[in-house]
Structures are given as C-alpha cells and as structure tokens.
Amino acid sequence: MRSEYACGLRDGLAIGVGYFSVSFTFGILAVNGGLSPLTAGLISLTNMTSAGQFAGLTVILAHGSLVELALTQLVINLRYALMSLSLSQRFGPAFTTWRRMIVAFANTDEIFAVAMGRAAPLTPRYMYGLASLPIVGWTSGTVAGAVAGAVLSPAVRSALGVALYSMFIAIVVPPMRRSRPVRLVAAAAAAASCILAWTPLSRVVGSGFAIVLSTLAAAAMGAWLFPVDASPEDDGGKEAAV
C-alpha cells in the first residue's frame with residue numbers, strides 16, 4: 001500500500017513543480033488586484049484549476065457578480081466532468097463515494113492524463129499520492145507569489161501583470177498553429193468579445209457575462225461548423241476536433 005502512494009508521489013512530482021511556477025504568477029496577479037495573500041492561497045487550495053482561476057480572477061477584479069463568476073467557472077471547467085466520467089471507468093470497488101469525491105477535487109488535466117496513461121490498476125492510495133504534490137505545489141506557489149507581489153514595487157507588479165495574457169496566449173497559439181478550426185473559433189471568440197466590449201451592448205452586458213457569452217458563442221460555432229467525427233478511421237475527424 002505504501003508503495004502505491006510513493007508511486008503516485010513520484011508520478012506527480014513533475015506536475016507539482018510545474019504548478020508552482022504557474023500559480024506563482026496567479027499569486028502576484030491576485031495581490032496586484034487587491035486580494036490578500038491569504039485569500040489568494042485559499043482560492044488555490046480550494047479550486048485547483050488554472051484557467052478557471054485566472055478567468056475567475058478577471059471577473060473578480062472587474063467587480064462581476066457571483067452569477068457571472070459561477071457561469072464563467074461552469075463553462076471553463078465543464079471539461080472536468082467529462083474527464084471524471086472517463087476516469088471513473090477505471091475505478092474498482094475500493095473507490096467509495098467519498099474517495100471518488102476526493103479524486104474528483106484534484107482531477108486536473110495533467111493528473112487525468114497521468115492516471116489514464118498508467119498501465120497498472122488505479123488504487124485510492126496511488127491517486128492520493130498523484131494529487132498530493134500538485135496540490136502542495138499549486139497552493140504554495142500561489143502563496144509565494146502573493147507574498148512576493150506584496151513586497152515588490154508597483155512598477156514591477158504592473159509589469160508582471162502581462163503574465164496573465166502571456167499564459168493564455170501560450171495555451172491558445174500552439175493548437176491554433178496546428179488546426180484551422182481552432183484558429184476560426186479563437187477569432188470568433190475575440191470578435192464576439194470586441195463586439196460586447198466596444199459597442200453599446202457593453203452598457204447592458206457586464207464584463208463577466210461578456211466572457212461567458214463570447215465563450216459559448218465561439219464554442220457553439222465550432223461545434224456547428226466543425227463537428228467531431230466519432231469514427232476512428234476517419235482522419236478528418238482528428239482535423240475537425242476543436
């Protein structure tokens with residue numbers, strides 16, 4: 001049993017290190033926006049979602065409503081429900097309801113990929129070990145970034161603010177270069193966001209709802225124009241995946 005937990009720790013080490021660096025930026029941005037290091041740390045400890053937290057921070061700093069915040073998180077993090085359903089198919093009787101809930105809390109993209117790629121059967125202790133260092137890395141990185149942001153000069157904190165946009169660019173650009181559908185969906189999302197921000201609609205649509213509406217509009221357009229072919233023999237289905 002102990003070896004299972006140790007194996008999970010070993011497989012999660014690289015994820016934890018990567019999470020520390022990303023969440024360090026989140027901590028700086030949170031403090032730069034007026035949140036305390038404690039609040040920033042609690043957000044990371046109780047959420048474990050990089051894109052969701054950065055988007056949520058944008059809504060918070062824009063003084064969006066709780067409804068806007070909830071809808072933003074629902075849209076961005078909906079993929080976790082699908083990943084949890086897929087991962088649960090590999091769980092045996094040892095995974096009780098409470099254990100499944102614990103695993104679901106820490107089911108991020110990277111943890112899901114490592115767990116699904118494991119040839120050996122998944123056990124609760126392995127999944128706990130796999131999630132431990134990522135949770136520690138994500139939370140401690142946020143607190144470290146928040147503390148560092150609190151002591152840095154305003155000029156340095158302002159300069160580090162571009163890290164948020166750099167992270168989103170780093171996420172979107174690689175798949176855009178490989179896939180025409182992704183480029184069109186990204187362009188549609190940008191266009192919808194500009195329309196909601198630079199037209200009279202901005203008077204009736206808050207910044208938080210603008211994010212939600214732009215995301216839904218672009219995703220709906222992508223699903224309509226580029227449906228994914230479920231046939232594994234069809235290479236075009238891979239091309240159409242968004």
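Is F24 buried, partly exposed or exposed? With a relative accessible area of 28%, F24 is partly exposed. Let us start from this residue and walk through the model, which is a predicted one.

F24 sits in helix 1, which covers residues 2-32, and it shares that helix with F20. The two are four residues apart, or about one turn of the helix. F20 is also partly exposed, because its relative accessibility is 36%, and the cut-off for buried is under 20%. Aromatic pairs number four in this model. In the pair formed by F20 and F24, the ring centres are 6.4 Å apart and the planes meet at 35°, so this pair is classed as tilted.

Helix 1 also contributes F26, whose partner is F54 in helix 3 (residues 50-61). This pair therefore ties together parts that are 28 residues apart in sequence. Here the ring centres are 5.5 Å apart and the planes stand at 85°, so the arrangement is edge-to-face. Both F26 and F54 are buried.

Now turn to helix packing. Two packed helices are described by the angle between their axes and the distance between the axes. Helix 7 spans residues 124-151, and helix 2 (residues 37-47) packs with it at an angle of about 160°, the axes lying 8 Å apart. Since angles over 145 degrees count as roughly antiparallel, helix 2 and helix 7 are therefore roughly antiparallel. Helix 2 passes helix 7 in a right-handed crossing. On the helix 2 side, the contact is made by P37, A40, G41, S44 and L45; on the helix 7 side, by I135, W138, T139, T142, V143, A146 and V147. Sorted by class, this contact has eight nonpolar and four polar residues, with no charged ones.

Helix 7 has another partner in helix 6, residues 109-117. The angle for helix 6 and helix 7 is about 150°, with 11 Å between the axes, and these helices are therefore roughly antiparallel as well. Their crossing is right-handed. I111, V114 and A115 of helix 6 meet Y126, M127, L130, A131 and P134 of helix 7. That contact has eight nonpolar residues and no polar or charged ones.

Finally, look at the loop between helix 6 and helix 7, where you will find R118. Is R118 buried or exposed? It counts as buried, because its relative accessibility is 13%. Leaving aside neighbours within four places in sequence, R118 is in contact with E4, C7, R90, T123 and Y126. Y126 is also one of the helix 7 residues that meet helix 6.

Notes
Residues numbered from 1 in each chain as written. Predicted model: local features only at pLDDT ≥ 70, side-chain atom pairs only at ≥ 80, totals over all residues. Heavy atoms only, no water. Axes fitted to C-alpha atoms, helices over the stretch in contact; angles between N-to-C directions. Parallel < 35°, antiparallel > 145°, perpendicular 65-115°, else oblique. Left-handed = near helix turned anticlockwise from the far one by under 90°. Contact = heavy atoms within 4.5 Å. Nonpolar A, V, L, I, M, F, W, Y, C, P; charged D, E, K, R; others polar. Buried < 20%, exposed > 50% of the residue type's maximum accessible area, 1.4 Å probe, protein only. Phe/Tyr/Trp six-rings, centres within 6.5 Å; stacked < 30°, edge-to-face > 60°.
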